[in-house]
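Here is a model to go through by question and answer. Each reply sets a computed value against the rule that applies.

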Amino acid sequence: MGAFMQIKRLHKNVCRLYSYSRTQECLDVYRKKYEDKVYRGETLIQEGARGKVAQEILGFSRATYYRMKKILKDLEREISPPSKRPKKMNKPRWG
């Protein structure tokens, strides 16, 4: 017999660590996506820009700004943003 060992399965803590780190990476991607836009919106609001002027400068609506702000607040509590997938889809039919 050789001195090589065969690994049959991974320890459960390795799998747990992978799933935890993967979710953190996904949350970081979302955080980077929304932080800059929300920061620009906050600075415009502090400077006093409102309504159509702020929408034209930012490139998105007021509702979208507050939606992104809520997503960032949820990311701090480690809650992923809602999926973009439609809630109802047509079922595939055979034949």
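Q: Which residues make up the largest nonpolar core?
A: In this predicted model, the largest nonpolar core has twelve residues: Leu27, Tyr34, Val38, Leu44, Ala49, Leu58, Phe60, Tyr65, Met68, Ile71, Leu72 and Leu75. Two or more residues come from each of α1 (12–47) and α3 (62–76). The most, five residues, comes from α3.

Q: What makes these residues a nonpolar core?
A: The term requires buried residues of the nonpolar types, joined through side-chain atoms within 4.5 Å. The twelve residues are listed as such a set, so the name applies.

Q: Which residues does Leu72 touch, not counting residues up to four places away in sequence?
A: Leu72 touches Arg31, Tyr34, Glu35 and Val38. Contact here means heavy atoms within 4.5 Å.

Q: Why is Val14 called partly exposed?
A: The relative accessible area of Val14 is 42%. Buried means under 20% and exposed means over 50%, so a value in between is called partly exposed. Val14 is found in helix α1, and with Ile7 and Leu10 it forms a nonpolar patch on the surface, with about 320 Å² of accessible area together.

Q: How do you know that the protein does not have the radius of gyration of a compact globule?
A: A compact globule of 95 residues would have a radius of gyration near 12 Å, but the protein has 22 Å. The C-alpha trace spans about 75 × 45 × 20 Å along its principal axes. Buried residues make up 18% of the 95 residues.

Q: How many helices and strands does the protein have?
A: There are three helices and zero strands, and the pattern along the sequence is α-α-α.

Definitions and conventions. Residues are numbered from 1 along each chain as its sequence is written. This is a predicted model: local features need pLDDT of at least 70, side-chain atom pairs count only at pLDDT 80 or more; totals for chains, interfaces and linings use all residues. Side-chain values use heavy atoms; hydrogens and water are left out. Buried means under 20% relative accessible area, exposed over 50%, partly exposed in between (1.4 Å probe, protein chains only). Helices (H or I, at least four residues) and strands (E, at least two) are DSSP runs, numbered from the N terminus. Patches are made of residues with over 30% relative accessible area and no salt bridge: like charges are joined within 9 Å, nonpolar side chains (Val, Leu, Ile, Met, Phe, Trp, Tyr) within 5 Å. Accessible areas come from the Shrake-Rupley method with a 1.4 Å probe; for residues, only the protein chains shown count as cover. A salt bridge is a side-chain nitrogen of Lys or Arg within 4 Å of a carboxyl oxygen of Asp or Glu. The radius of gyration is taken over C-alpha atoms; the globule rule is 2.2 Å times the number of residues to the power 0.38.
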